[in-house]
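Colleague: I have just opened this one and would like a tour. Could you walk me through it, starting with a pocket?

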Amino acid sequence: MASDEHSSGGGGRTSGASAVQDEIAQRRPFHSLAAEVAVGILRTAALIERHFGQIVARRDITVQQYNVLRILRGAGKEGLPTLVIRDRMIHEAPGITRLIDKREEAGLARRERTSSDRRQVICYITPKGLEVLNSLDADMRAADEKAVGHLSIEDQRQLIRLLDIVRGHRVSADGSRSGPAGR
């Protein structure tokens, strides 16, 4: 893409800057289209997460704690090992034990060691944890709609496909590319 096309941004703006460039008050063009896309994804995720955070804060939990509870609700009566929960988290959670400790102290989750392998801990959601999630469900559904409901169904499906591709070809800290995600 030519640099003048890249900097025009479209969308009816007369400044020549893209919406994300305007939002973060960046005066100079991005060094590449890829950089602008990456910043756009990060900015969008931050705005959506901020809104979700305001909703879950009403029940004195964080977005990460909410995510743990949703994972446990989805696991049902079988529960899940701590490391499986960590792997399913939206955000990287190196302190997963501490995160679950807080949910257990609040009475929203419980843990049991398995008799076959005392090192493995299985986590479960409690009735109180289910109550918290159930009380948030309608507001979180509304937040989902507020975030992307203005997009057509086909646009939402296309966005999912594009984001799947982006996540499928992650770049590691050393700059090497990994193949498609194994999940």
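Colleague: Which residues line the second largest pocket?

Modeller: Bear in mind throughout that this is a predicted model. The lining of the second largest pocket consists of Ser18, Ala19, Val20, Glu23, Leu33, Glu36, Val37, Gly40, Ile41, Arg43, Thr44 and Leu47.

Colleague: And what is the volume of the second largest pocket?

Modeller: The volume of that pocket, the second largest, is about 270 Å³.

Colleague: Which element gives the most to its lining?

Modeller: That is α3, which supplies eight residues to the lining of the second largest pocket. Both α2, residues 19-23, and α3, residues 33-57, contribute at least two residues each to this lining.

Colleague: How do the lining residues divide into nonpolar, polar and charged?

Modeller: In the lining of the second largest pocket, six residues are nonpolar, three are polar and three are charged.

Colleague: Let me step back to the whole chain. How many helices and strands does it have?

Modeller: The protein chain has eight helices and three strands, and, read from the N terminus on, its elements follow the order α-α-α-α-β-α-α-β-β-α-α.

Colleague: What share of the residues counts as buried?

Modeller: Of the 183 residues in the protein chain, 27% count as buried. The accessible surface of the chain comes to about 12,500 Å², and 54% of that surface belongs to carbon and sulfur atoms. As for contacts, if you take those between residues at least 6 apart in sequence, 42% join residues at least 24 apart.

Colleague: On to a single helix, then. Which residues of α6 are buried?

Modeller: Helix α6 covers residues 96-105, and its buried residues are Ile96, Leu99, Ile100 and Arg103. Seen down the axis of α6, these buried residues fall within an arc of 90°, so they line one face of the helix.

Colleague: What do they pack against?

Modeller: The buried residues of α6 pack against two helices, α4 (63-75) and α5 (82-88), and against two strands, β2 (109-113) and β3 (121-125).

Colleague: Which exposed residues sit on the face turned away from the buried side of α6?

Modeller: Arg98 and Glu105 are the exposed residues carried by that face of α6. Just after the helix comes Gly107, which takes a positive phi of about 80°.

Colleague: Where else is there a positive phi, in a residue other than glycine?

Modeller: Asp60 is such a residue, with a phi near 60°. Most residues other than glycine have a negative phi. Asp60 is found in the loop between α3 and α4.

Colleague: Is Asp60 buried or exposed?

Modeller: Asp60 counts as exposed, because its relative accessibility is 69% and the cut-off for exposed is over 50%.

Colleague: Back to α5 for a moment. Is Thr82 buried or exposed?

Modeller: Thr82, which lies in helix α5, is buried, because its relative accessible area is 12% and buried means under 20%.

Colleague: What is Thr82 in contact with?

Modeller: Leaving aside neighbours within four places in sequence, Thr82 is in contact with Ile96, Thr97, Ile100, Val121 and Cys123. Two of those partners, Ile96 and Ile100, are among the buried residues of α6.

Colleague: Next is Val132. Where is it found, and which residues does Val132 touch?

Modeller: Val132 is found in helix α7, residues 127-148, and is buried, with a relative accessible area of 4%. Not counting residues up to four places away in sequence, Val132 touches Arg59, Ile61, Leu69 and Leu108. Val132 and Ile61 are 71 residues apart in sequence, while their C-alpha atoms are 9.4 Å apart in space.

Colleague: Last one from me: how many residues apart in sequence are Ile48 and Lys146?

Modeller: Ile48 and Lys146 are 98 residues apart in sequence, and C-alpha to C-alpha they are 9.1 Å apart in space. Ile48 is found in helix α3 and counts as partly exposed, at 25% relative accessibility.

Technical notes
Residues numbered from 1 in each chain as written. Predicted model: local features only at pLDDT ≥ 70, side-chain atom pairs only at ≥ 80, totals over all residues. Heavy atoms only, no water. Buried < 20%, exposed > 50% of the residue type's maximum accessible area, 1.4 Å probe, protein only. Helix = DSSP H or I, 4+ residues; strand = E, 2+ residues; numbered from the N terminus. Arc of directions from axis to C-beta. Contact = heavy atoms within 4.5 Å. 1 Å grid on protein atoms, 1.4 Å probe; cavity = no way out; pocket = protein on both sides within 12 Å on 5 of 7 lines; lining within 4 Å. Points joined across faces, edges and corners; volume = space filled by probe spheres on them. Nonpolar A, V, L, I, M, F, W, Y, C, P; charged D, E, K, R; others polar. Areas by Shrake-Rupley, 256 points an atom, 1.4 Å probe, with all protein chains shown as cover.
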